[in-house]
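Please look through the structure shown here with the help of the short briefing that follows. The points are grouped by topic, so that each can be followed on the model in turn.

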Amino acid sequence: MLSLETTLPCEPGSQGKTARPLLQLHGICKSFGAFQALKDVTFDLRPGEVHVLFGENGAGKSTLIQILCGVQKFDSGRYELFGQDVAGLSPAEARRRGISVVFQEFSLIPEMTVEENLFLGHELTRNGRLAKSEMRKRVRAVLDRLGFDIPPAARVSGLRRAHQQMVEIAKALLLECRVLVLDEPTASLTDHEAGRLLAMVEQLRDEGLGIVYVSHRMAEIDRLADRITVLRDGRHIATLPRERASHGELIELMTGRTFEKFYPEIIRNVGPVLMRIEDLSLPRGLAKDVSFEIRGGEVLGLAGLAGCGKSEVIRAAFGLEQPTGGKIEVCGRTLHGNGPREAIAAGICYLPADRGREGLAMHQPIGANATMAALDVPEFSRRAFGLRLKAERAFTREIVDRLKIRTPDLNATPDQLSGGNKQKVMIARGMSRGFDIYLFDEPTVGVDVQAKLQIYDVIKSLAESGKAVVVASSELAEVLHLSHRLLVMREGAVVGSLEGTEATEDAVLSLFFDNTVANGKG
């Protein structure tokens with residue numbers, strides 16, 4: 001087995017082209033009652049490669065991972081691990097034989113330290129006592145080797161989520177490991193933190209590990225993947241090398257829908273100006289004299305690199321950032337900077353990029369989240385007599401069906417849902433009262449492709465019903481295809497306004513980096 005001290009330098013994926021597979025699945029089937037989660041699935045992993053599992057929610061990725069690590073038994077087919085057939089593999093046996101899995105939901109004990117978590121269940125002893133110094137030495141060695149600056153004695157509850165993710169990976173690698181499975185490891189990390197994690201994955205691949213990587217993020221797939229296996233509805237659709245896997249082909253394989261039909265055509269029926277921002281400036285240069293207007297019946301896109309100011313501008317429009325200059329008008333009435341309460345009353349709905357921290361009450365039921373912005377609406381409130389719970393429940397049932405929110409039941413909380421379904425719960429809040437203006441900040445961050453399609457359909461429906469929609473997105477294809485008009489921002493300023501045939505990828509990219517400011521007013 002590959003130990004932490006062993007280094008097997010190789011060209012990424014080069015060992016896998018000639019070496020015997022670490023594991024192979026042949027014709028795997030798995031059912032849960034009448035539901036068939038996997039149907040005749042074939043998969044293999046080679047040493048020194050990153051093999052990406054790609055598919056929307058419900059495609060069978062999680063079930064396949066659980067079979068690999070012994071959490072689930074398969075009904076039929078064949079599983080060959082390190083050249084031997086296995087049938088009754090348990091999680092403990094899988095771990096002992098060199099398979100480590102890092103799931104989206106962490107298995108750490110918050111009240112324990114980093115080193116206690118890493119050695120939980122296989123503590124080192126000497127003369128009947130814990131060998132604490134030896135355990136700390138080994139923990140420090142693995143953390144240093146991975147470049148993680150985390151004190152072994154730190155309590156997990158005091159760590160940021162990114163550091164908890166790193167602890168999970170260190171835990172997976174503390175014992176001898178030949179296969180590492182990472183399930184959406186960057187889903188809740190910042191770009192900087194995700195960049196460090198991707199570099200670590202590349203390092204481990206270069207050392208000869210076989211890595212199964214589950215992700216729907218195209219940039220990560222482009223950077224890491226040696227091969228990509230696409231699952232759809234529990235079936236193996238294709239396995240292809242990264243160099244042959246264009247984004248359009250991957251989307252078509254995953255959804256059964258051509259790339260041209262991926263983004264909806266949004267009919268533009270321009271109405272009156274609903275919001276006007278004039279010469280908006282924010283502290284620390286986050287926005288500099290930004291001006292634009294948005295009309296009913298259109299989608300306005302805001303594009304730019306990270307830190308360009310697009311998110312801060314729409315936060316200011318919702319009263320979450322205090323301007324140092326300029327003004328914000330809604331239907332001709334100036335907002336006075338009294339925060340989100342004033343913005344909501346003016347008909348503005350804001351959907352933040354960070355669902356967990358800003359968008360949702362993670363431990364409150366779906367219904368409470370969906371109606372949180374409408375507690376003063378007569379439909380849901382009896383004023384002194386409290387909430388109309390029947391009305392709230394009826395609205396929740398309707399919106400769950402309409403947005404196709406996958407949930408165990410109506411009393412489920414957002415922390416029980418996938419990223420795409422969390423996002424749809426947040427969107428549901430925007431339908432609980434008569435909003436006229438919708439501000440989307442990174443509307444599809446961390447969601448699977450099927451959820452993206454559904455969110456795009458919501459944006460289409462809002463715009464075509466006469467609402468004003470602003471979409472700030474780091475996904476260039478997304479903001480290009482959804483927008484009727486596109487503003488490009490750089491270093492807090494609007495550096496270009498594009499519309500129609502002018503709005504091309506090349507034009508936007510040139511504005512991202514060109515020092516020439518054009519069409520500064522929107």
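In which sense do β9 and strand β10 pair, and over how many bridges? The pairing of β9 with β10 (residues 210-214) is parallel, and five bridges make it up. This is a predicted model, and the points below take up strand β9, an open sheet, the cysteines and the aromatic rings in that order.

**Strand β9 and its neighbours**

- Strand β9, which covers residues 179-183, is mostly covered, since five of its five residues are buried.
- The side chains of β9 point in two ways: Val 179, Val 181 and Asp 183 point one way, Leu 180 and Leu 182 point the other way, and all are buried.
- Strand β6, made of residues 99-102, is joined to β9 by four bridges, and these two strands run parallel.
- Within the pairing of β6 and β9, Ser 100 stands opposite Leu 180, while in the pairing with β10 the bridge partner of Val 181 is Val 212.

**An open sheet and the helix that packs on it**

- Four strands form an open sheet with antiparallel pairing, and their order across the sheet is β14-β13-β16-β17.
- The edge strands of this sheet are β14 (287-295) and β17 (333-334), each of which pairs on one side only.
- Strand β16, which holds residues 325-330, pairs with β17 in the antiparallel sense over two bridges, and Val 330 stands opposite Arg 333 of β17.
- Helix α10 (residues 310-317) packs on the sheet, where it touches β13 (273-282), β14 and β16, and the direction of the helix makes about 120° with that of β13.

**Cysteines**

- The structure holds zero disulfides, and Cys 349 is accordingly in none, with the nearest cysteine sulfur, that of Cys 331, 15 Å away.
- Cys 349 has a relative accessibility of 6% and therefore counts as buried, the cut-off being under 20%.
- Cys 308 is also buried, because its relative accessible area of 4% falls under 20%.

**Aromatic pairs**

- A search of the whole structure finds four aromatic pairs, and two of these are described here.
- In the pair of Tyr 263 and Tyr 456, the ring centres are 5.3 Å apart and the planes lie at 35°, so the pair is tilted.
- This pair links distant parts of the chain, because Tyr 263 is in the loop between α9 (247-255) and β13 whereas Tyr 456 is in helix α16 (residues 449-464), and the two are 193 residues apart.
- Both Tyr 263 and Tyr 456 are buried.
- Phe 380 and Phe 395 form an edge-to-face pair, with 5.5 Å from centre to centre and 75° between the planes.
- Because Phe 380 lies in the loop between α13 (366-370) and α14 (389-402), and Phe 395 in helix α14, the pair ties together parts that are 15 residues apart in sequence.
- Phe 380 and Phe 395 are both buried.

**Charges over rings**

- The charged end of Lys 30 sits over the ring of Phe 32, at 5.1 Å from the centre of that ring.
- Arg 178 lies over the face of Phe 82, and here the distance from the ring centre is 4.1 Å.

Key: Residues numbered from 1 in each chain as written. Predicted model: local features only at pLDDT ≥ 70, side-chain atom pairs only at ≥ 80, totals over all residues. Heavy atoms only, no water. Pairing = 2+ DSSP bridges. Contact = heavy atoms within 4.5 Å. Axes fitted to C-alpha atoms, helices over the stretch in contact; angles between N-to-C directions. Disulfide = S-S within 2.5 Å. Buried < 20%, exposed > 50% of the residue type's maximum accessible area, 1.4 Å probe, protein only. Phe/Tyr/Trp six-rings, centres within 6.5 Å; stacked < 30°, edge-to-face > 60°. Lys NZ or Arg CZ within 6 Å of the ring centre and 35° of its normal.
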